Amino acid sequence: MSHKSSPVLAASLIAAAIAIAAPASAQTAQRPANETLVVTTADTLVTRHPYAESSAQMYSIWCQVYGCLGRYDYAQRKFVGQLAERWEQRDDVTWRFHLRKDLVRHDGGPGPTVADVLHSYNQVMTDPQSQGRFYLSSVKEIRRIDDHTFDVVTKEPASSLLGQLFDKFTITSEEIFKTQGGVASYNSAPIGWGPYKLTNFAISDRIALERHDAYPAKVETSSRNVLFRRIPEPDQRVTALLNGEVQIARLIPPQLVGRLENVPSVEIRRAPSNEPMFIGFSVKTKPWDDPRVRRAAAMAINKDVIIQRILFGMADRLDGPVGAQQICYTTPIDQKTPYDVAGARKLLAEAGYAGGGPVVDFFTATGRYISDRQIAEAITQMLNQAGFKATLHTPEFAGLWANVRAGKAPMYYMGRGLALEPSEWLSQYFETGVTPRIGYDNPKLNELFERERKTFDITERCKIIREISQLIETEAPGIFLWNHQYVSGVRKGVRYVPDASGEIWLPDVRL
């Protein structure tokens, strides 16, 4: 592949750079209102670097701009290709992928090749800003077979490889990276093969996209322009929907759903989620290094009361980390942690806190998750009723998330998006040495993760995942609470069917 920039390429890159730098208001003002879909987001918008953020929202957006190998289609309940046309497993450690040959880059350039895949793999693994090494942690190497065929060779059998790669592993152009300034090209030339082009990314404010009409199998009735508008306050999201400023308002908290009922111009759409909400601990710090204290905290929390009184029943209780929307869910685990204040006090006494305490700091963001502050306030009260001396802190999500990733948050309330494949994300949090988020070290759990990865029979795999779930529930390095039911307010005339990911595959939305 030539790395010299052609006049056509250079011109298109300059145009793209101008579009990205232009104020969003100037762009949207030139677009017919009926061709622009405006969607709310409560998530942070902190970087244009596609490998420097680890969140379900940004994985979804980058997959639709640059392109990913594939994604999980919830309607069909199976993995489907995006940049990859097909794949097959050749042996226990080798998966072969075949790239599509009918794709055109946003600037009219060639479709993706294995050189782009290798470049992207290298970026994930070596870029100092990368936050995605965990989902490639099982990969030993990627081998080129020809320009459009490659093998992913894993370090050991990895039965959940598709769940690790799809919806996350963004493929970026090696040519554009080399000719347009390396990492700087993510700002000036965010050009890929996805169904939408990036036209504006205003940090902390909005992301604007435009339909890529050369994308195969495009649907003419999908939105020509899409604007993700950051509105962290739920009341403001509802108001914007009612005023017609947005067409899809996501993450409507239960207490505000009533404002949308019986409004002729609005429809309420609900969907179960696969984003488990949980409390995480830094188990290497006191008092959370003692499993009795962690179990006491779990026993102090009345999940059912919070679901009914704060979430108005719009959540599905979790007992253990695997919920009904995830692969391998069958029935709840056998030994659930009971709500038992007296039992919690007894455990604290056994751990040396009969005279009171322990003193703990509990962290949550506000406006990031549904009713997060109200939920955290209720949990804080429940902990104190059981004998803890808990103080609630409510930092900005970006700061809290940075501390969680570094293992510096002692106790925190959070969700984990894209938790479709349980073993992938549970390993990320609870297997020794994968990330510092929890810092848990349990040889038996490590052995279960290793066995599960080597087991390709789905029935046997799910039995092992059930064992993993039970052990995590018993040892309580995290407390699993519920899966929210996602509630969106949608303007009439917009065809949108939400799924358990909480994200939007834009080609499926119709205006």
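Student: Before we look at helix α15, what do buried and exposed mean here?
Tutor: A residue counts as buried when its relative accessible area is under 20% and as exposed when that value is over 50%, with partly exposed in between. Please keep in mind throughout that this is a predicted model.

Student: OK, so which residues sit on the face of α15 turned away from its buried side?
Tutor: That face carries Pro 443 and Lys 444, which are exposed.

Student: And which ones in α15 are buried?
Tutor: Within α15, which spans residues 443-453, the buried residues are Leu 445, Asn 446, Leu 448, Phe 449, Glu 452 and Arg 453. Looking down the helix axis, one finds these buried residues within an arc of 160°, and therefore they line one face of α15.

Student: What does that buried side pack against?
Tutor: The buried residues of α15 pack against two helices, namely α14, residues 422-430, and α16, residues 458-475.

Student: Which polar contact is there at the start of α15?
Tutor: There, Asn 442 places a side-chain oxygen within 3.0 Å of the backbone nitrogen of Lys 444, and Lys 444 is one of the exposed residues mentioned above.

Student: Switching topic: where is Thr 170, and is it buried or exposed?
Tutor: Thr 170 lies in the loop that runs between α5 (161-165) and α6 (174-179). Its relative accessible area is 1%, which is why Thr 170 counts as buried.

Student: What does Thr 170 touch?
Tutor: Leaving aside residues up to four places away in sequence, Thr 170 touches Pro 50, Tyr 51, Trp 62, Cys 63, Tyr 66, Gly 67, Cys 68, Ser 120 and Tyr 135. As for Leu 83, which is 87 residues away along the chain, its C-alpha atom and that of Thr 170 are separated by 9.9 Å.

Student: How many helices and strands does the whole chain have?
Tutor: The chain has 16 helices and 19 strands. Its radius of gyration is 23 Å, close to the 24 Å from the globule rule for 511 residues, so the chain is as compact as a globular protein of that length. Along the principal axes, the C-alpha atoms fill a box of roughly 75 × 55 × 35 Å.

Student: How much of the chain is buried, and how much area does it expose?
Tutor: Buried residues make up 59% of the 511 residues, while the chain exposes about 19900 Å², of which carbon and sulfur atoms supply 50%.

Student: What does UniProt list for residues 78-427?
Tutor: The unreviewed UniProt entry gives "domain: Solute-binding protein family" for that range. In the model, residues 78-427 are 27% helix and 24% strand, with the end C-alpha atoms 22 Å apart.

Terms used: Residues are numbered from 1 along each chain as its sequence is written. This is a predicted model: local features need pLDDT of at least 70, side-chain atom pairs count only at pLDDT 80 or more; totals for chains, interfaces and linings use all residues. Side-chain values use heavy atoms; hydrogens and water are left out. Buried means under 20% relative accessible area, exposed over 50%, partly exposed in between (1.4 Å probe, protein chains only). Helices (H or I, at least four residues) and strands (E, at least two) are DSSP runs, numbered from the N terminus. The arc is that of the directions from the helix axis to the C-beta atoms. Contact means heavy atoms within 4.5 Å. A polar contact is a pair of N or O atoms within 3.5 Å; within protein, one must be able to donate a hydrogen and the other to accept it, and residues adjacent in sequence count only if both atoms are side-chain atoms. The radius of gyration is taken over C-alpha atoms; the globule rule is 2.2 Å times the number of residues to the power 0.38. Accessible areas come from the Shrake-Rupley method with a 1.4 Å probe; for residues, only the protein chains shown count as cover. UniProt positions are given in the numbering used here, feature names are shortened, and annotations may be inferred rather than shown by experiment.
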